[in-house]
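I set out to record how the parts of this protein meet. The entries follow the order in which I looked things up.

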Amino acid sequence: MTLTFKRKCLEEDCKGIVDILYEEKYGRVQKYLSQFLELDLEKMYEVGKDEGYKIIYPILKKEYESSEVVIAEKLYEIKRYWRKEEEDILEILNSVFDYTIKDEKDIIAEFSINAVCPRYLEKWSFDVNYRKSIEEIILACIHEIIHFIWFEKWSEVFPDSNKNEYNAPNTPWLLSEIVIDAILKETRLEKYCVDDKPAYSYFYDIMIEDKNMMEYFRELFVSNNIQDFMIKGYKYVLKNREMIC
Ligand SMILES: [Zn+2]
């Protein structure tokens, strides 16, 4: 497997942001993204998606141009850092998942203006918020690679699973976001985890039957192999679904 870093083109970045904003009205991510870009969400929804693109494009263009040098420098740095750590990271991931991604598989990390960093499972690519530090970007990359391998393994464990459910807001997707914490904190990947709460922050406040959900998952992870962890974790999320959203 190789991880290729590059800069996302302005038009694609703009399209990605517009897609997120109009995907679900006034959702958690949409509110955050509109505040970040100082957009009037009411107005955006009033004018519709095509006009919304035209409003966002000049805002992004300005930042796209002003960030050119910073992004070029970061791309250079991250490529160097990744080359140094790649073998170690992949070796840990292979042992966690008991799964090796094929050598010819190429994952693309695109440096983006978007602050919420979507991933595209079918294209094996994801966006990286260029404002992050090198250490934070490495963590973001490991996080996304975990998702890719997780779903490869998932389709082995659940061969009849529907790939459409691997994206939000479906239960397999929700579980894949929860387990990020245990996989990063309870393995040797911990040394790359510069964030105390590497999964969505609201997960850490969820209590189910007097037990903190993230503690439950960390314990489940260390006491099961990856297959059983998937099966038991999935059952748990299905059972408690309404308490997790
Ligand atoms: Zn994630």
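Entry 1, the contact between domains. I counted 15 residues of domain 1 in contact with 14 residues of domain 2. The model I am reading is a predicted one.

Entry 2, the side of domain 1 that touches domain 2. I asked which helices each supply at least two residues of this side. I found α5 (68–97) and α6. I then noted that α6 gives the most, with ten residues. Sorting this side of domain 1 by class, I recorded ten nonpolar, two polar and three charged residues.

Entry 3, the domains themselves. I looked up the bounds and found domain 1 at 2–151 and domain 2 at 158–244. Taken over C-alpha atoms, the centres of the two domains are separated by 22 Å.

Entry 4, a helix pair. I turned to α6 (residues 134–157) and α7 (residues 171–185), which pack with their axes 10 Å apart. The angle between them is about 125 degrees. Angles of 65 to 115 degrees count as roughly perpendicular and those over 145 as roughly antiparallel, and α6 and α7 are therefore oblique to each other. I also noted that α6 passes α7 in a right-handed crossing.

Entry 5, the residues of this pair. Which residues of α6 meet α7? On the α6 side I listed His 143, Ile 146, His 147, Trp 150, Phe 151 and Trp 154. On the α7 side I listed Pro 172, Ser 176, Ile 180 and Ile 183. By class, I entered seven nonpolar and three polar residues for the contact of α6 with α7, and no charged ones.

Methods
Residues are numbered from 1 along each chain as its sequence is written. This is a predicted model: local features need pLDDT of at least 70, side-chain atom pairs count only at pLDDT 80 or more; totals for chains, interfaces and linings use all residues. Axes are lines fitted to C-alpha atoms, for helices over the stretch in contact, and angles run from 0 to 180 degrees between N-to-C directions. Angles under 35 degrees count as roughly parallel, over 145 as roughly antiparallel, 65 to 115 as roughly perpendicular and the rest as oblique. A crossing is left-handed if the near helix is turned anticlockwise from the far one by less than a right angle, and right-handed if clockwise. Two residues are in contact if their C-beta atoms, placed from the backbone, lie within 7 Å. Ala, Val, Leu, Ile, Met, Phe, Trp, Tyr, Cys and Pro count as nonpolar, Asp, Glu, Lys and Arg as charged, and the others, Gly among them, as polar. Domain bounds come from an automatic or database domain assignment.
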